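Q: Please take a close look at one part of this model. I would like a connected account of how a helix packs against its neighbour and what surrounds the loop that follows.

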Amino acid sequence: MSRRYLNLTPLPEALAAMRRAFPPSDHVETVPLCLAVGRVTAEPLYAEYSVPEVEIAKFDGYAVKSRDTPGAQDQRPLPLREYARINTGEILPPSFDAVVMVEDTWDDGGTPWIRKSAAPWQNVRHAGEDIRAGELALPKGHRIRPFDLGALATYGITRLAVRSVRIGIIPTGNDLVPLGVVPAPGQTIETNTLMAEAYLTRMGATCRRYEIVPDDPDLIRSALETALDANDLVILSAGSSAGSRDFSRDVVGALGEVIFHGIAVRPGKPVLLASVGGKPVLGMPGYPVAAQTILREVAGSLLAWWGLPALPEGELDVRLSRRLASDLGFDEFVPVSVGRVNGTCFATPHPRGGGIQMAVVRANGYIHIPAEREGFEAGEEVRVRLTVSPAEIACTLICVGVRDPTITELGNCLADAGYLLHCCKASTMGAVLALRAKTCHAASISLPETEAAWNDQVLRYLPGVDLLRVQVARTELGLASAGDLDAGNPASFRFINQPKGTAARVFLDAWLAREGIDAGIVTGYGHEVRTPAAVAAAVGNGFADAGVCPAAMAREAGLRFTPLGYETRYLLVRKELAADEGVASLVRAARSPEFEEHLRSREKCRAG
């Protein structure tokens, strides 16, 4: 029998229930100063002694009595009668109350002369000027920064009490292999606990990652009990959903009380929270992006409740480049790339899904769509929570459209010029419309080399727009098949197709027309996959008999190849943006011989 979530608790209610069940703890540990960066002070820190402890000189020069110096000028210098030679940081001798810098003196036969008078206590650091003994250096609840260490050491603080939260992180799953092991088909490298440890450690927790536990209730229970003995919080990675091998709920339910199973959040819906012996056990989804959401929104919220402040996030109000829909009743978190286009900051969404890790890697922020909203409209002002420094937005270029190795490698080359290229995936039509709406710096498009393609897919949607067009790649497309195709008997073979508007679809339709084959009688004509690699794989594994893909992919899969035509990829830029230094750098990089050579080198590496 399939199992369902107990409920889908709204995110605010889930966080409130979590706070009620697990009040803040007072766990404290003492650490040496050198290991304190990132930790949060559990007690206020007070200076052990004054800094400086006595009056000292600010600069090299002469200690003087200020009452002896009035009237000294460039044109009427005065000789010093009572003085003491002094260096920066040295104690001011008794009876002297000022320091004249050596630059304002000269020596004449062993007697120093001054050309400026000195006010009382000029160029002198008073005792306790920085801090006095017993004065507060840092308050309770302060996250120690690298530059805090020098000050604390100066004030005599060598060890300090910090808030202590110990977290055990247990990965579960028969399909998991540890880092460094090449996964076999059907296996996955275990990365969620690595990510969780890094994130929660930055918040000030102390984490321990345990060995991978197979999908066995008894083994999971044993690992959980061991971790609970040594930690304040235990996170079970994967196994929190409702599949036949998801045992987290049954195990924690047998040991304690389930507080909620499933929250109305995307990605991250199958999250589990239970109390076992008064300690929280968090069941985290296995999909990496879903796990990130739960780490940030749930685990991070619990740690903040326990006194470990949330990591600082910059926020920016920007315009949304295209409509973003969402279901009512779900808090949704969508990765976006933000860039400033012609003076206006736009956020362009990346693909959504709990398993699409590169969407998060490619993004520089995310949007929270509240549960009471059905999304946001194009052009609407939205708040983005940045995952990078705000300074990076100024050097970020947004390219919308086809994302393939040529575009990503172009971004790699552009990094040398100090710019970051974010490519947000869209169809050729979507890219052209983004260029028309002026929400991106550039568009990457793929067109079949036909007479009508440029006019029909580009110019008709950009009337009167002056464009810079840079060719970045040219690919031969054709029919890939495991054997010979009998065009006279189209019902005898099965096709795999790509979406309407793609070059593959254009060439397939033209081939069918030339052969006099009615697409309506072709088996599989309506079965679409989104990538050429998926076409090659479907033909290679026998799911289909034929499909259109690049020649290189057909060769790699050991398939027959019948040429149909060429597809060209272009980078398009509005000429009015070409004066922008970042856009100009992008165009120069795309046209450079170094970029062409780089692509050839990468192609040789892949072929080798």
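**Helix α4, its partner and the loop after it**

A: In this predicted model, α4 passes α5 in a right-handed crossing. Helix α4 covers residues 217–230 and helix α5 residues 248–255; they pack at an angle of about 55°, and their axes are 10 Å apart. Because of that angle, α4 counts as oblique to α5.

The residues that α4 brings to this contact are P217, I220, R221, L224 and E225, and they meet V251, V252, A254 and L255 of α5. Sorted by class, the contact of α4 with α5 holds seven nonpolar residues, two charged ones and no polar ones.

Next comes the loop. N231 is located between α4 and β17, a strand that spans 233–237. N231 has a relative accessibility of 5%, so it counts as buried, the cut-off being under 20%.

The side chain of N231 has polar partners. One of its polar atoms lies 3.3 Å from the backbone nitrogen of G168. The N231 side chain also makes a polar contact, at 3.1 Å, with the side chain of Y210. Leaving aside residues up to four places away in sequence, N231 touches R166, I167, G168, Y210 and K279. G168 and Y210 therefore appear both among the residues that N231 touches and as partners of its side chain in the 3.3 Å and 3.1 Å pairs, while N231 itself is buried at 5% relative accessibility.

Note on methods
Residues numbered from 1 in each chain as written. Predicted model: local features only at pLDDT ≥ 70, side-chain atom pairs only at ≥ 80, totals over all residues. Heavy atoms only, no water. Axes fitted to C-alpha atoms, helices over the stretch in contact; angles between N-to-C directions. Helix = DSSP H or I, 4+ residues; strand = E, 2+ residues; numbered from the N terminus. Parallel < 35°, antiparallel > 145°, perpendicular 65-115°, else oblique. Left-handed = near helix turned anticlockwise from the far one by under 90°. Contact = heavy atoms within 4.5 Å. Nonpolar A, V, L, I, M, F, W, Y, C, P; charged D, E, K, R; others polar. Buried < 20%, exposed > 50% of the residue type's maximum accessible area, 1.4 Å probe, protein only. Polar contact = N/O pair within 3.5 Å; in protein donor to acceptor, adjacent residues only side chain to side chain.
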